[in-house]
Amino acid sequence: MEQATELPLRTAPQPPRFAAPAWRRANLLLWLALVALCLGWELWWAPLRPGGSWLVLKVLPLLAAAPGMWRGRLYTYQWMSMLVWFYMTEGVVRGLTDPSPLSRALAWSECALALVSFGVMAATLRTHARRPASLQAGPALPGAVPAGRNGAKP
């Protein structure tokens, strides 16, 4: 008596959850620089009030990203790439309105860091999205009809 053997179904490989080491280092360094700039600016270098101000709390969203940035999680890069626009906006406003020249310089530095951070995170995400087609779909199953555009059958 012949037994039918079933082949296990192969599924498409899961997209990577972590950035490559070089991208991870670049993103981590930019994130650390932004955290250091925000802390130093509001506590020591040019706070709004002598002795520091409550504006230092703007660092909390950056600190919430710490575990994901440390591990190089792509999901963290996705939401951080939207969050850095807050820091960009704050830098533009304070760069144009702060009376202190040091504070204005720090504001424009924050703008530059936010822009570069966005660019590097976007490049990281784009690199991982552009994987070879052979990795995006699993091998064809016997008797399967190839799907057309957008998953529709021809």
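Where is the place of C111? Hold that thought for a second, everyone, and thanks for coming. What you have in front of you is a predicted model. The place of C111 is in helix α5, and I'd like to come back to that residue after a quick tour.

Let's begin with the overall layout. The chain has 6 helices and 0 strands. If you trace it from the N terminus, the elements simply run α-α-α-α-α-α. There are 154 residues in the chain, and buried residues make up 32% of them. As for the surface, the chain exposes about 10,400 Å², with carbon and sulfur atoms supplying 67% of that area. Now look at how the contacts are spread along the sequence. Taking contacts in the chain with a separation of 6 or more, 69% are between residues 24 or more positions apart.

Now, please turn to helix α1, residues 21-45. Which residues of α1 are buried? They are N27, L28, L30, W31, L34, V35, L37, C38, G40, W41 and E42. And what do they pack against? The partners of these buried residues are α2 (60-64), α3 (66-71), α4 and α5.

The pairing of α1 with α4 deserves a closer look. Their axes come within 13 Å and cross at roughly 35°, and the crossing is left-handed. On the α1 side, the residues at this contact are W23, R24, N27, W31, L34, C38, W41 and E42, and they meet Y77, M80, Y87, E90 and R94 from α4. Sorting the residues of that contact by type gives 8 nonpolar, 1 polar and 4 charged.

Several of those names come back in the core. The largest nonpolar core has 29 residues, and the ones touching the most other members are W31, L62, M69, Y77, M80 and Y87. Helices α1, α4 and α5 (101-129) each supply at least two residues of this core. As general background, nonpolar side chains in soluble globular proteins tend to be buried together.

Do rotate to Y87 while you're there. Setting aside neighbours within four places in sequence, Y87 is in contact with L34, C38, K58, V59, P61, L62, E110 and A114. Two of those partners, L34 and C38, are also on the α1 list at the contact with α4.

Let's stay in α4, which covers residues 74-97, and pick up T76. Is T76 buried or exposed? T76 counts as buried, because its relative accessibility is 7%. Beyond its neighbours within four places in sequence, T76 touches A65, G68 and M69. M69 we have just met, among the core residues that touch the most other members.

Further along α4 we find L96. This one is exposed, because its relative accessible area is 62%. In space, L96 and A107 are 8.7 Å apart, C-alpha to C-alpha, with their positions 11 residues apart in sequence.

Back to C111, as promised. C111 is buried, because its relative accessible area is 4%. Apart from neighbours within four places in sequence, C111 is in contact with M88, G91 and V92. The C-alpha atoms of C111 and T89 are separated by 7.6 Å, although the two are 22 residues apart along the chain.

Next, a glycine: G40, in helix α1. G40 counts as buried because its relative accessibility is 1%. Once neighbours within four places in sequence are left out, G40 contacts W45 and A46. There is also a long sequence separation to point out here: G40 and L106 are 66 residues apart in sequence, yet 9.6 Å apart in space, C-alpha to C-alpha.

My last stop is R71, in helix α3. Why does R71 count as exposed? Its relative accessibility is 51%, and the cut-off for exposed is over 50%. Leaving aside neighbours within four places in sequence, R71 is in contact with F18 and R24. R24 is one of the α1 residues that meet α4. And R71 sits 9.8 Å from R17, C-alpha to C-alpha, with the pair 54 residues apart in sequence.

That's my tour. If you'd like to keep one view open for the discussion, I'd suggest the left-handed crossing of α1 and α4. Thanks, and I'm happy to take comments!

Note on methods: Residues are numbered from 1 along each chain as its sequence is written. This is a predicted model: local features need pLDDT of at least 70, side-chain atom pairs count only at pLDDT 80 or more; totals for chains, interfaces and linings use all residues. Side-chain values use heavy atoms; hydrogens and water are left out. Helices (H or I, at least four residues) and strands (E, at least two) are DSSP runs, numbered from the N terminus. Buried means under 20% relative accessible area, exposed over 50%, partly exposed in between (1.4 Å probe, protein chains only). Contact means heavy atoms within 4.5 Å. Axes are lines fitted to C-alpha atoms, for helices over the stretch in contact, and angles run from 0 to 180 degrees between N-to-C directions. A crossing is left-handed if the near helix is turned anticlockwise from the far one by less than a right angle, and right-handed if clockwise. Ala, Val, Leu, Ile, Met, Phe, Trp, Tyr, Cys and Pro count as nonpolar, Asp, Glu, Lys and Arg as charged, and the others, Gly among them, as polar. A nonpolar core is a set of buried Ala, Val, Leu, Ile, Met, Phe, Trp, Tyr and Cys residues joined through side-chain atoms within 4.5 Å. Accessible areas come from the Shrake-Rupley method with a 1.4 Å probe; for residues, only the protein chains shown count as cover.
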